[in-house]
Amino acid sequence: EKSIIMPEELLDIVNDEDMVIDRQSRMLVHQLGLQHRGVHVFLFTQDGKMLVQKRTADRAASPSMLDCSVSEHVKAGESYLDAAVRGMKEEMGVDGIEIKPLIRFRMNYGVNDNEISTLYEGAVEPDKVKFDPIEIEEVNYYSTDELQEMIKEGNVKFCGWFVEILNWYLKKPANLKVLDLPALNV
C-alpha cells in the first residue's frame, strides 16, 4: 500500500498593506512568522446570542478554548469572503448565510503567528448547525454580556484573538491594528 501524501496547504504571504508578496506552506509560515491572512465570523441567533465554538483538546493551537463562530486561514489564491464561506461550511455545516465585513485588521495571534484578518458578521439558525467534531468539541450560544462576564471571571479559557476581536466589536480598547472599515455596501 502506498501512503498518500497530502499536499501541504499553501498560504499567501502579505505585506503590511495586505498585498500578496509570496506563497508558502502553512508549516513554514508558522515556523518563520510570515504574515498571512485569516478570517473570523461572528454568527448571531435571532435573539442576539453569538455562536461560540469550543475547540477540541487535540488542536495544535489553543486547544479546548472558546473561539469565534468561525476562524479560518485564507488559503493561497482565496479571497477573504471565500474563506469565510468555506469556514462556515467546513466548521459549522452551514451555507447560504449572508455575511457582511466589519473590519480588516493586523494582529499577532501568538508566537510566530502574524495575520491580517477580516471579521464578518451574519445571522445563524441553531437548528441548521452541524459542527465538525474533529475540530470542535461543542458549540454554545452566549450574549456579548455573558461573554464579557465569562472573560472577566476567568474560569473558562478563551482564544486570545477572540477576546481582542470581541473587545473591538464592543468598542473597547483592543490589541489589534485596524487597517480599514469596509464601506457598508461591500
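Let me begin with a single residue, R86, which has a relative accessibility of 14% and therefore counts as buried, since buried means under 20% relative accessible area. Please keep in mind throughout that what we are looking at is a predicted model.

Which residues does R86 pair with? One partner is E72, whose side chain meets that of R86 in a salt bridge, with 3.2 Å from N to O. R86 belongs to helix α2, residues 80-92, while E72 belongs to strand β6, residues 70-73, so this pair ties together parts that lie 14 residues apart in sequence. If you look for these two residues in the structure, you will find that E72 is buried, as R86 is.

R86 also forms a salt bridge with E90, and here the closest N and O atoms are 3.3 Å apart. This second pair stays inside one element, because R86 and E90 both lie in helix α2, where four residues separate them, about one turn of the helix. Is E90 buried or partly exposed? With a relative accessible area of 40%, E90 is partly exposed, whereas R86 is buried.

Let me now turn to another pair. D180 forms a salt bridge with R104, the closest N and O atoms being 2.7 Å apart. This pair links distant parts of the chain, for D180 sits in strand β10, residues 177-180, and R104 sits in strand β7, residues 99-110, with the two positions 76 residues apart in the numbering. As for its surroundings, D180 has a relative accessible area of 29%, so it is partly exposed. Which residues share a network with D180? Through salt bridges that have partners in common, D18, R37, R104 and D180 are joined into one network. How many salt bridges does the structure hold altogether? The count is 17, and the pairs I have described are among them.

My last topic is a pair of helices. Helix α3, residues 144-153, packs with helix α4, residues 160-169, at an angle of about 130°, and their axes are 12 Å apart. That angle makes α3 oblique to α4, and the crossing in which α3 passes α4 is left-handed. Which residues make the contact? From α3 there are T144, L147 and I151, and from α4 there are F162, V163 and L166. When these contact residues are sorted by kind, five are nonpolar and one is polar, and none is charged.

To return to where we began, R86 is the residue I would ask you to find again on the screen, with its salt bridges to E72 and to E90.

Definitions and conventions. Residues numbered from 1 in each chain as written. Predicted model: local features only at pLDDT ≥ 70, side-chain atom pairs only at ≥ 80, totals over all residues. Heavy atoms only, no water. Axes fitted to C-alpha atoms, helices over the stretch in contact; angles between N-to-C directions. Parallel < 35°, antiparallel > 145°, perpendicular 65-115°, else oblique. Left-handed = near helix turned anticlockwise from the far one by under 90°. Contact = heavy atoms within 4.5 Å. Nonpolar A, V, L, I, M, F, W, Y, C, P; charged D, E, K, R; others polar. Salt bridge = Lys/Arg side-chain N within 4 Å of Asp/Glu carboxyl O. Buried < 20%, exposed > 50% of the residue type's maximum accessible area, 1.4 Å probe, protein only.
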